[in-house]
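Me: I have this model open and would like to go through it slowly with you. Where shall we start?

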Amino acid sequence: MNRTSGRLIKAPENFIDRAGVGRVFAEAKEGRRDFLRSAFAAAAGVAAAGSAVAAQPEGDPNILNLPEHSKGLGQPVVTDGYGKPSRYEGNVQRRQSPGLTQTAQASVSFAPLQSLFGIVTPSGLHFERHHQGWWDIDPSKHRLMLNGMVKTPKVFTMDEIMRLPSVSRFHFIECGANTGMEWGNVAVPTCQYTHGMLSCSEFTGVPLITLLEMAGADLKAGRFILAEGADGSSMTRTIPMSLVRSGEVLVAYGQNGEMLRPENGYPLRLVVPGVQGVSWVKYLRRIELGDQPYGTKDETVHYVDLMPDGLHRQYTSIQECKSVVTTPSGGQVLLDKGFYSISGLAWSGRGKVKRVDVSVDGGRNWRTARLQDPVMSKCLTRFNLDWVWDGKPAIIQSRAIDETGYVQPTKPQLRGVRGTRSIYHNNAIQSWLVQESGEVRNVQLS
Amino acid sequence: MSSSPKRLASWAMALVALVAAAALPASAQESSRDRFPGIGRAATPAEVAAWDIDVRPDFKGLPKGAGSVAKGQDVWESKCASCHGVFGESNEVFAPLVGGTTDEDIKTGRVANLKRNDFPGRTTLMKVSSVSTLWDYINRAMPWNAPKSLSTEEVYAVTAYLLNLGRIVPDDFTLSDANIAQVQQRLPNRNGVTTAHSMWPGREFAGTAQPDVKAAACMSNCPGETKTTSMLPDHARNAHGNLAQQNRLVGAQRGADTTRPAGSGSPSPVPAAAPAAAAKPVAAAAQAPIELLQKNTCTACHAPDRKLVGPSWGEVAKRHGGKADYLAAKIRSGGSGTWGSVPMPPQSISEADAGRIAQWLAAGAAP
């Protein structure tokens, strides 16, 4: 097939089926001889494999025939007060993985990583994880309370929080269970389902340390905070004060220039850079400062990592360095042989991504990819690498290295230490097999 | 002065620490307390009491009270069993709570089955290391469709019943704030946990500084993985729907048409009409009393087209078409046995609202 962009797209071989041939002859009998001639000329041209020039009519009808949008009047301004994507982008959607959860209120939706550019996840495509259903909370009635080891327990309204000096920072958020279905073997077909519990936004808010200081927090004895949500589950999670003291932890209301979306915690959520999403408590209503960890459900029963010796690691929070190729990726089909820009995302909960290597032969040989600006701490980094596909099977992988020198492990390396019965924190190298047909499949190697 | 760089460094660090200690906490905090006048106010004691509900592993925050296993069984059967099964063993909706622990585990504080590779699944009682976690989560988030509706006595009772199902407390036990610390000493996995890892972002737990997995960045002729050992079987090809409709219609690649057999080759052209089809359910959804179904958390157990905890709306409509009065009564009274072993709890819903839902169901449950 010769369908490389920039050349004329010709009819594929055998484009006239038996019924079509019958119709052509019938129409020919009725006197439409011009149609008959041109149809057979085109078919014959294609059949003479590779004689690309011979078959070309005068040009691409998309150029030769002016389309309606070049000859008519378009839509007026503010047809839609809050714009939507093009109707041709309707396939780019969040999706649930069938059978993953039994109830839609305690479930996840995955971001369509295979269709995103750059590092920002559009707010409407940000992955979702709800524990007891999401709410659209009236911000005028929402309150944040600070208590525990503070001089004065305090209450803030949204108005008050938004009056304070704000900071805006880009950070990734990844569910601790992202890629969790793939610990033992291949379970799902596309990078949306393998890696889509991952998103990245510019978050705007107030450093939590500022609010704690306003309440007269005991910063010496107070070693942990408890963050608590206002939804039915009132999700809670322990956060180390060392991270809060650094100023990185934000009480955030803004996301990508607008308010948070309800599915992502409107009107207020915690932002805990580098740490798994469950700690970024949504619908944040309360912060308690204490001298002991809180032993909440999602740090002692869930989000615990089962080691081969039978011990559960608790309070595992950091999302370690990880990457995935999003283009091309599982479930896609390459259009043709020839040039591609392999592209993907890399991130580390310990800081900046320093380097990303890409292999197209299943990890035998690697080339260093280009990192696309900006490269920011605890944020997604976009990488890409030139590749000419020769039409033969290829296994594409990416391997990220962060500024601490940590190298993203292969699946066997990760399993060698942690076994195969974990659910959380699978940051192993992903493999995509490009088949001769052009179809890309999720595979695991050994 | 010594020329040893090591001593010099430690002297410099001590100085930094001294300056930090002197300058930071007191003055920085004072200034930021006064820096934003008019922002925030003191919380009243009643406000703090209303929200400060957490219970820590050292039982700070635990309210005084008690509840018996027998009382817990009553509460369980009416409010918990529909999701968790009568014995906490159900895997229908959520992972099982009970099972996999032994009397020996209660002695050692380590669940032996966690060392076995062949043991299927992990229950809550196999994992939980602090009894406060159970109490706290039941208190704040249960029952599933009516969180925070249990009385303190009921939370003690349900916790006691759950522990009894795991043979951690006897049948005639009454759990209370006075004896909960002794129960903690019988939790099967109380000693089965560790914080000795590098994945906590601070030094509060004194875990390890070095990551556990150490890989190297080999660049050429690397040893490694050569054999494909895992791939989705062909019969699962379409299990996540047609991937052609999950990819952009323009660009370097298309989605594979998974309605066709593997290896069919060229990407099938997806008609531009696809987006319109995706938008359709939204417009049609207006017909169902969505707001009522959500408000009364019917959607926690029922879906339009597939079985969740209970039957789908479609199945109900098929079996009870035209019987609006019957359905309205069932919604309000609850029932069991009609659709399997999981009972439907009675719904506290007005007659009018139940009638509206029932009429919609009786008329075919159009999406």
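## Notes on the model

Reply: Let us begin in chain A, where four strands make an open sheet in the order E15-E17-E21-E20, with antiparallel pairing. Its edge strands are E15 (322–327) and E20 (370–371) of chain A, each of which pairs on one side only. Two strands count as paired if DSSP finds at least two bridges between them, and the names come from DSSP runs (helices are H or I with at least four residues, strands are E with at least two), numbered from the N terminus.

Me: Before we go on, what kind of model is this?

Reply: It is a predicted model, in which local features need a pLDDT of at least 70 and side-chain atom pairs count only at pLDDT 80 or more, while totals for chains, interfaces and linings use all residues. Residues are numbered from 1 along each chain as its sequence is written, chains are lettered from A and ligands numbered from 1 in the order in which they are written, and side-chain values use heavy atoms, leaving out hydrogens and water.

Me: Ok, back to the sheet: over how many bridges do E17 and E21 of chain A pair?

Reply: Strand E17 (residues 338–347) and strand E21 (residues 381–389) of chain A are antiparallel partners over nine bridges, and Asn384(A) in E21(A) is the bridge partner of Ser343(A).

Me: What does UniProt say about that part of the chain?

Reply: An unreviewed UniProt entry annotates residues 320–430 of chain A as "domain: Moybdenum cofactor oxidoreductase dimerisation"; UniProt positions are given here in the numbering of the model, feature names are shortened, and annotations may be inferred rather than shown by experiment. Over residues 320–430 of chain A, the chain is 7% helix and 43% strand, with the end C-alpha atoms 15 Å apart.

Me: And which strand of chain B does E4(A) pair with?

Reply: E4(A) pairs with strand E1 (residues 41–42) of chain B, in the antiparallel sense over two bridges, and there Arg41(B) is the bridge partner of Val155(A). Within chain A, E4 (residues 154–157) also pairs with strand E3 (residues 143–148), antiparallel over four bridges, and E3(A) and E4(A) form a hairpin with five residues between them.

Me: New topic: how many salt bridges are there?

Reply: Over all chains there are 36 salt bridges, where a salt bridge is a side-chain nitrogen of Lys or Arg within 4 Å of a carboxyl oxygen of Asp or Glu. One of them joins Asp52(B) and Arg286(A), at 3.0 Å from N to O. Asp52(B) lies in the loop between helix H2 (45–51) and strand E2 (66–68) of chain B, and Arg286(A) in strand E12 (residues 284–290) of chain A, so the pair joins two chains.

Me: Is Arg286(A) buried or exposed?

Reply: Arg286(A) is buried, at a relative accessible area of 0%, whereas Asp52(B) is partly exposed at 27%; buried means under 20% relative accessible area, exposed over 50%, and partly exposed in between (1.4 Å probe, protein chains only). Both residues belong to a network of salt bridges whose members include Glu228(A), Arg285(A), Glu288(A) and Lys60(B).

Me: What does Arg56(B) form a salt bridge with?

Reply: Arg56(B) forms one with Asp291(A), the closest N and O atoms being 3.2 Å apart. Arg56(B) lies in the loop between H2 and E2 of chain B and Asp291(A) in the loop between E12 and H10 of chain A, so this pair also joins two chains. Arg56(B) is buried at 4%, while Asp291(A) is partly exposed at 31%.

Me: Switching to chain B, which residues of helix H11 are buried?

Reply: In helix H11 (residues 313–320) of chain B they are Trp313(B), Val316(B), Ala317(B) and His320(B). They cover an arc of only 100 degrees around the axis, so they sit on the same side of H11(B); the arc is that of the directions from the helix axis to the C-beta atoms. These buried residues pack against helices H10 (290–295), H12 (324–333) and H13 (351–362) of chain B.

Me: Last one: where in chain B is the pLDDT below 50?

Reply: The mean pLDDT of chain B is 84, and 83% of its residues reach 70 or more, pLDDT being the predictor's confidence in each residue, from 0 to 100. Over residues 1–26 of chain B, however, it is below 50, and beyond near neighbours in sequence this stretch has six contacts in the model, a contact being heavy atoms within 4.5 Å. Residues 267–286 of chain B also stay under 50. Where pLDDT is low, the predicted coordinates should not be read in detail.
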